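Hi,

Here is the structure I promised to pass on. Have a look, and my notes follow underneath.

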Amino acid sequence: MLPSLQLSLLIPLLNEEESLFELTNEIKTVCNKHNISYEVIFVDDGSTDNSWTLIQQLFQENPNIKGIKFRKNFGKAIALNEGFKIVRGDIVITMDADLQDSPDEIPDLMRMMREENFDLVSGWKKVRYDNVLTKNLPSKFYNWVTRKMTKIPLHDFNCGLKAYKNKVIKNIELYGDMHRYIPVIAKSEGFKKIGEKVVMHRVRKYGVSKYGWERFVNGFLDLLTIRFMSKFGKRPMHFFGSIGSLFFFTGALILIEFLIEKLFFNVYEINKRPLFSFAILSCIIGMQLFLAGFISELVVRNNVEKSHHHCVEELLNCNS
């Protein structure tokens with residue numbers, strides 16, 4: 001049986017060759033100072049610079065280093081998902097590789113997880129060193145909407161610095177851009193003790209940001225998906241059936257009314273009335289929604305094995 005690790009650090013990256021050695025040294029210093037047994041898993045999400053070469057060098061120098069290399073850029077959510085599969089630490093901390101997240105936060109995050117028994121602790125970059133118009137203001141609005149829709153009182157859903165119990169990340173699966181909503185996904189899986197910690201946000205020292213305006217548009221679309229999947233993902237008939245029933249019975253009642261008018265009140269040329277066309281259309285839409293619900297139920301019940309993203313090209317020290 002493999003010995004228990006106190007900490008797994010999972011770090012997805014894309015073209016961050018300048019920061020890797022410095023980041024690794026900071027992590028090593030902090031963990032050694034606080035006697036934390038640890039592993040660092042770098043996930044190279046299709047870098048085109050020398051990031052993977054440097055990760056290989058770090059692996060040769062430090063047995064705690066592991067690496068996953070993707071053959072192309074699949075996105076941060078997939079990078080985290082692949083890393084989650086192999087982490088061994090009792091506590092798992094995710095952080096960005098650009099040095100804007102400080103490894104000095106690690107001991108306090110671990111203390112909160114242990115002493116307050118949180119399932120998840122999310123970082124809050126209360127003071128940010130980003131562009132106000134392109135990042136800070138849109139981020140505040142996005143977080144406000146997410147708080148209102150999910151009822152999770154976090155200020156910074158998109159902060160890459162988060163700590164989890166191992167069992168939390170083993171029970172969630174990420175795809176698309178769902179990394180922004182890990183707290184929402186975790187809550188939907190029954191992990192409701194979610195905390196928050198104000199963390200340091202450092203000025204970017206190397207490279208450039210990999211995100212643009214499109215992340216906010218995609219973020220809101222993903223939020224709608226998460227809300228739907230968390231509520232109706234395992235019972236889609238409840239959603240499609242409810243709306244289908246409303247359409248079908250509305251149309252049916254109108255048609256019954258027309259039938260009564262024709263049989264008992266000698267009202268003719270009913271088919272020329274716009275309401276008659278609406279009633280027929282309403283019944284058709286209702287039946288289609290019912291069929292969509294039945295098909296969705298079949299898919300859910302038969303989809304026992306989750307789909308996997310075959311994106312890993314190479315591994316370093318990941319089977320130990």
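Leaving aside its neighbours within four places in sequence, which residues is Ile27 in contact with? They are Leu9, Ile11, Tyr38, Val40, Met95 and Pro103, where contact means heavy atoms within 4.5 Å.

Before the rest, some ground rules: this is a predicted model, with local features needing pLDDT of at least 70 and side-chain atom pairs counting only at pLDDT 80 or more, while totals for chains, interfaces and linings use all residues. Numbering runs from 1 along each chain as its sequence is written, and side-chain values use heavy atoms, leaving out hydrogens and water.

Ile27 also turns up in the largest nonpolar core (buried Ala, Val, Leu, Ile, Met, Phe, Trp, Tyr and Cys joined through side-chain atoms within 4.5 Å; buried is under 20% relative accessible area with a 1.4 Å probe, protein chains only). That core has 35 residues, and Leu7, Ile27, Phe42 and Ile93 touch the most other members. Among the elements giving it two or more residues are strand 1 (5–13), strand 2 (38–44) and helix 4 (106–115); helices (H or I, at least four residues) and strands (E, at least two) are DSSP runs, numbered from the N terminus. A second, separate core of 33 residues includes Phe70, Ala77, Leu80 and Phe84.

Now helix 2: Ser51, Trp52, Leu54, Ile55 and Leu58 are its buried residues. Seen down the helix 2 axis, they fall within an arc of 155 degrees (taken from directions from the axis to the C-beta atoms), so they line one face.

Cheers

Methods
Buried means under 20% relative accessible area, exposed over 50%, partly exposed in between (1.4 Å probe, protein chains only).
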